[in-house]
Amino acid sequence: SIQLLSSVVEASAVGEQGVDNLTLNTVLRRLAQAHAKAGNDDKVPQVMDRMVEVFSKKKVNPYVMQTIREQAEATKARLAPEADKTRRRRRTTSRK
């Protein structure tokens, strides 16, 4: 799913191709979630920072941009525990 979501982001981030902005927002947050579940801790903040960057370049309404920034920060905070759980699960299963 990471690869598919990434391809949607790439197609949509530049120009008029790809999905609409609401869908792109959802895809980027799902991509961050997929990385967290896969244990790619470093990718979560990168994806959320990319979301802010993409919409900033699209020059969306300043109020919408503020909401996007808040969503990015909330997603980072929410997924940090998810990444920790994945790491702990891997450690306990590798010890068996």
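Let's start with the largest nonpolar core, meaning buried Ala, Val, Leu, Ile, Met, Phe, Trp, Tyr and Cys residues joined through side-chain atoms within 4.5 Å. It has 22 residues, and those touching the most other members are Leu-28, Met-48, Met-51, Phe-55 and Ile-68. At least two residues of this core come from each of α1 (2-13), α2 (21-37), α3 (43-57) and α4 (62-95); these helices are DSSP runs of H or I, at least four residues, numbered from the N terminus.

A word on the source: this is a predicted model, where local features need pLDDT of at least 70, side-chain atom pairs count only at pLDDT 80 or more, and totals for chains, interfaces and linings use all residues. Residues are numbered from 1 along each chain as its sequence is written, and side-chain values use heavy atoms, with hydrogens and water left out.

Now, two of those core residues. Leu-28, not counting residues up to four places away in sequence, touches Val-9, Val-47, Met-48, Met-51 and Phe-55, a contact being heavy atoms within 4.5 Å.

And Met-48? This residue sits in α3 and is buried, at 0% relative accessible area, where buried means under 20%, exposed over 50% and partly exposed in between, with a 1.4 Å probe and protein chains only. Leaving aside neighbours within four places in sequence, Met-48 contacts Leu-28, Arg-29, Ala-32, Ala-72, Thr-75 and Lys-76. Have a look at Glu-73 too: 25 residues from Met-48 along the chain, with the two C-alpha atoms 7.6 Å apart.
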